[in-house]
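User: Hi! I am new to reading protein structures, and I would like to go through one with you step by step. Could you take my questions in turn?

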Amino acid sequence: MNFTVEFLSFFVIQVDGKDGQGGKTYKHYATMDDYDYEESDVKKFLDGEFARISKRKVEKNPSTEQAPTKIGRFIVEPEHDLSSNPNFNMFARLRAAGDKEDFKNACDDLVRMYLDTSAVRGGALIVVQTIMNTHSDDPFIFVLKCDFEPKIARISESSLISEVEMAISARNMKSIMYPYMIEEGMVDEWELKIHQSSHARYFEDFLKFVTYEQSMPEIVNEHVMSFVQDYVETKWPDAESEARQQEERDLELWASSEKRDLQEKWEPVQVAEAAQRIVELKPEIEIRFKLDDTTVRGLLSDFGGKLHIAKLHDRYALIIEGDSFTFDKGFSPVELLQPESFAEVAERLLQKREEEAEVM
């Protein structure tokens, strides 16, 4: 996957004060065409980055809410086309630029908009128009943000060691690629791809007229709350009943808690049916929980099949079945176990709980 640079503009953003709370300014250092770029040091810095960005894996519905790489889609009102979206128009102008002056002016507008983004930090902002000669002459736009690396020194000819005041690194480079390349040679002009560190939201703040699909945890949460609401409405049809209102308060408190206990409200068949509807959305969706100090991580689709939760008097028992065990490095005597039968273990646990109950 080979990209050829048509135009590139290099800017430096400077922010006064701590954590980007002071004044923000930018300086234009250079705008290059393809000939300038081939002879520049920037080429050495960016070699391979365009292909790396385009190949970076991304999911429309990420597996975590804090996914660093996302696909965005331009927002338009019903019966309006893409030209009604200001963010799309910004990229369209960059793609349409046919000389250095037009490209530099379009980049100036982009940088000024970027400076209004919350929590902007100093660094280099590089805007590039490229093409893939192997597929089409339609250009791609890359917006690259590189933070400054503090306290970096280098050896120079004039002095043994000199401090580099504004060194940049591609290591934590944030990027926008437009249009999004679904696969090599296939693009969607409605979509773009962003990559940013998971704790930052530079590009989501910057692109105010772009929307992103929900993550799988968010989708699952919505479905679970929908099941819960159906359950409440079915069990207590009267919205004014005190029992229903108390249940809704209890469930609201449960839903807002960071750490949640087993609620013991639904029969196993109800839970299995709800789980199956979620698994149909994403078969590999995980389930994670802790039983006292033991952490369990598996697939939601295993619940009711390979994974079972049971009541053992006033305690809980977790039953996991499978074909084989795998142990990590570091020996354990458990690896030498000759397992008892399930019936023997169940009988022993029940007897133990009964004896404990008699003592109490």
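The questions and answers below go through this predicted model.

User: Let's begin with a helix. How many Å does helix 7 reach from its first C-alpha to its last?

Analyst: Happy to help! Helix 7 runs over residues 216–235, which gives 20 residues. At 1.5 Å a residue, a span of 28 Å is expected, and the model comes close to that. From first C-alpha to last, helix 7 reaches 29 Å.

User: Which helices are included in what covers the buried residues of helix 7?

Analyst: First, the residues themselves: M216, I219, V220, F227, V228, Y231 and V232 are buried in helix 7. Their cover includes two other helices, at residues 242–256 and 268–281. Those are helix 8 and helix 9.

User: How many disulfides are there?

Analyst: A disulfide needs two cysteine sulfur atoms within 2.5 Å. Take C107, whose nearest cysteine sulfur belongs to C146, 15 Å away. That distance is too far for a bond. By this rule, the number of disulfides is zero.

User: Is C146 buried or exposed?

Analyst: A residue counts as buried when its relative accessible area is under 20%. C146 has 0% relative accessibility, so C146 is buried.

User: Which residue follows Y178 across a cis peptide bond?

Analyst: Look in the loop between strand 9 (174–178) and strand 10 (180–183), where you will find a proline. The peptide bond leading to it from Y178 has omega near -5°, and that bond is cis. The residue is P179.

User: What is the phi of E79, and is E79 buried or exposed?

Analyst: E79 sits in the loop between strand 3 (69–74) and helix 4 (86–96). Its phi is positive, about 70°, although E79 is not a glycine. With a relative accessible area of 87%, E79 is exposed.

User: Where is H313, and what is its relative accessible area?

Analyst: H313 also has a positive phi without being a glycine, about 55°. Its place is the loop between strand 16 (307–312) and strand 17. H313 is partly exposed, and its relative accessible area is 42%.

User: Which residues does T130 touch, leaving out those up to four places away in sequence?

Analyst: T130 belongs to strand 4, residues 123–132. Its relative accessible area is 0%, so T130 is buried. Its contacts are F3, T4, V5, E6, F50, D138, P139, F140 and F142.

User: How many residues apart in sequence are the parts that E59 and K282 tie together?

Analyst: E59 and K282 form one of the 21 salt bridges found in the whole structure, and their closest N and O atoms are 3.6 Å apart. E59 lies in the loop between helix 3 (49–55) and strand 3, while K282 lies in the loop between helix 9 and strand 14 (286–291). E59 is partly exposed at 39% relative accessibility, whereas K282 is buried at 11%. The pair therefore ties together parts that are 223 residues apart.

User: What is the N to O distance between D108 and K104?

Analyst: D108 and K104 both lie in helix 5 (residues 100–115), four residues apart, about one turn of the helix. An α-helix has 3.6 residues a turn, so residues three or four places apart point the same way. D108 is buried at 8% relative accessibility, and K104 is partly exposed at 22%. Their salt bridge has an N to O distance of 2.9 Å.

User: Which residue of helix 10 meets E356 in a salt bridge?

Analyst: The partner is three residues away in helix 10, about one helical turn. E356 is partly exposed at 29% relative accessibility, whereas its partner is buried at 10%. With 1.8 Å from N to O, the partner of E356 is R353.

User: Last one! Which residues make the nonpolar surface patch of about 480 Å²?

Analyst: One member, V334, is in the loop between strand 17 (315–320) and helix 10 (342–359). Including V334, the patch is made by F325, F327, V334 and L337.

How values were computed:
Residues numbered from 1 in each chain as written. Predicted model: local features only at pLDDT ≥ 70, side-chain atom pairs only at ≥ 80, totals over all residues. Heavy atoms only, no water. Expected span 1.5 Å × (residues − 1). Buried < 20%, exposed > 50% of the residue type's maximum accessible area, 1.4 Å probe, protein only. Contact = heavy atoms within 4.5 Å. Patch = residues over 30% accessible without salt bridge, like charges linked within 9 Å, V, L, I, M, F, W, Y side chains within 5 Å. Areas by Shrake-Rupley, 256 points an atom, 1.4 Å probe, with all protein chains shown as cover. Salt bridge = Lys/Arg side-chain N within 4 Å of Asp/Glu carboxyl O.
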